[in-house]
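Okay, thanks for making time, everyone. Let me put the model up and then walk you through a few spots on it.

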Amino acid sequence: MLKYILVSVAVILCLPGLCSAGLYGPTVILSNSEVVPSVLMPGDIGMVTVTLTNTASSSTTTTSDSIVTTMKEINPTITGVFLDGGKDIKVLGGNSEFSGDLGPQQSVKISFAIEAPEKRGIYYAILRVSVKGSENLQYPIPINVDMPVSSLRKPVLIVGQSGDTSLQPGDGANVTVSLYNSGESTAEDIFIRVVEDEPSLAVINSQSFHIPDLSSGESESFIISFISDTGMEPGVHEIPLEITYNVVDGSSADQNDAIALDVNGKAELSIASLKTDPVRITGGQEVDLTIRIENTGTGDAKSTVAKIDLPFEGNKEAYIGKIKPGNDAPAVFTLDAGSPGEYNYSLTISYEDDTGIHESLYPLTLSIRRNNDETGLIIGIIILIAAAAGGYYYFVYRKREEDKV
């Protein structure tokens, strides 16, 4: 009998908006949970088995000529499943042992071995499911340790978040945190404290919040304002929350939860230096053009490629790869210099960072001088012309003087 009641509680916990990976995208829900044995004795070893189901969804696309509706299934990717037993329930195995896609209407069963605490009571283990491209999902699962069924009528608090869930290093974020009571009784005198254990992240408003009471089916929300520094590592950062409250019988309860911030690094690329070998280039000469590209941003520049559009023969594209923040890397081009003159050209740098794919354009100039042989020949020709002019003038002037005599 208790087994079916536990399953019913788990289903009640999965209310719309609390157990979905996305409102219009693929939906992952906790379709069933079971604890064996249904009532554990203090110190007993038990098994928690959960069933995750993809309810599937569809999307439509249209063309400009005529409206064409295409229905397609969207499969969610589960990146991790974790059972958090808090300070009371010891999870012996099963965590992080499943990841992958769920097809339409497909389900997966995942089991966790647990050890009951030495003190009898009703405990709640939190099942955390990470879905790629969506918010992390959380489901409380009641664990009965030598207690009568009537003790299941307790408040169950579920934490949700919305608002600024992603930011760049150095930016701030305002996260709206909601607290929903999916249990069967009122939680009173609720205190929520933000645990600041991330040195690159700080709370700039209140670090603790108070809710006088929260009845079954009700929710309250509040805003936590964060500020990060430019050295914060990109990735998903969890901010712990400590929650304490009183139940209707006057006893106190506490739970550990968390909200998540997705920190996206942004790369900023520029030209650190430019040099040629040889330094002075003459027409027809082979030259190595080296342009060092530096990253002054807060995230990695990945798949970096540099291109130039000089009208010379040679390699005009260089693959650089990853440039970390604060580092630089060379782009080397080997060319056959063309005719003498000033050449205006462009350097195009394409790269990818956490915010997407980018392309930057930089105008540059390259000077090609005449080679030494051509210069000597020109000077020689000028000397010969000058000598011929001088000789002509001399003989003409002399002949005129002789005619006067």
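Before the first spot, one definition: a patch here is built from residues with over 30% relative accessible area and no salt bridge, joining like charges within 9 Å and nonpolar side chains (Val, Leu, Ile, Met, Phe, Trp, Tyr) within 5 Å. Lys and Arg count as positive, Asp and Glu as negative, with His and the chain ends not counted. Each charge is placed at NZ of Lys, CZ of Arg, CG of Asp or CD of Glu.

Quick housekeeping too. This is a predicted model, so local features need pLDDT of at least 70 and side-chain atom pairs pLDDT 80 or more, while totals for chains, interfaces and linings use all residues. Numbering runs from 1 along each chain as its sequence is written, and side-chain values use heavy atoms, leaving out hydrogens and water.

So, the patch. Glu188, Asp189, Asp213, Glu218 and Glu220 form a negative one on the surface. Asp213 sits in strand β17, residues 208–214 (strands are DSSP E runs of at least two residues, helices H or I runs of at least four, numbered from the N terminus). Asp213 is partly exposed at 40% relative accessible area; buried would be under 20%, exposed over 50%, with a 1.4 Å probe and protein chains only.

Zooming out, the chain has 2 helices and 28 strands, and 38% of its 405 residues are buried.

Now look at Thr244, in strand β19 (residues 235–246). What does Thr244 touch, leaving aside residues up to four places away in sequence? Asp189, Ile190, Phe191, Ala253 and Asp254, where a contact means heavy atoms within 4.5 Å. Asp189 is also one of the patch residues. Thr244 and Asp254 are 10 residues apart in sequence, with C-alphas 4.2 Å apart.

Asp254 brings us to salt bridges, meaning a Lys or Arg side-chain nitrogen within 4 Å of an Asp or Glu carboxyl oxygen. The whole structure has 10. Asp254 pairs with Lys87, closest N and O atoms 3.5 Å apart. Asp254 is in strand β20 (residues 252–263) and Lys87 in the loop between β6 and β7 (90–93), so the bridge ties together parts 167 residues apart in sequence. Lys87 is exposed at 63%, while Asp254 is partly exposed at 42%.

Last pair for today: Asp84 and Arg128, with 3.1 Å between the closest N and O atoms. Asp84 is in strand β6 (residues 77–84) and Arg128 in strand β10 (residues 121–131), 44 residues apart. Arg128 is buried at 16%.

Technical notes: Areas by Shrake-Rupley, 256 points an atom, 1.4 Å probe, with all protein chains shown as cover.
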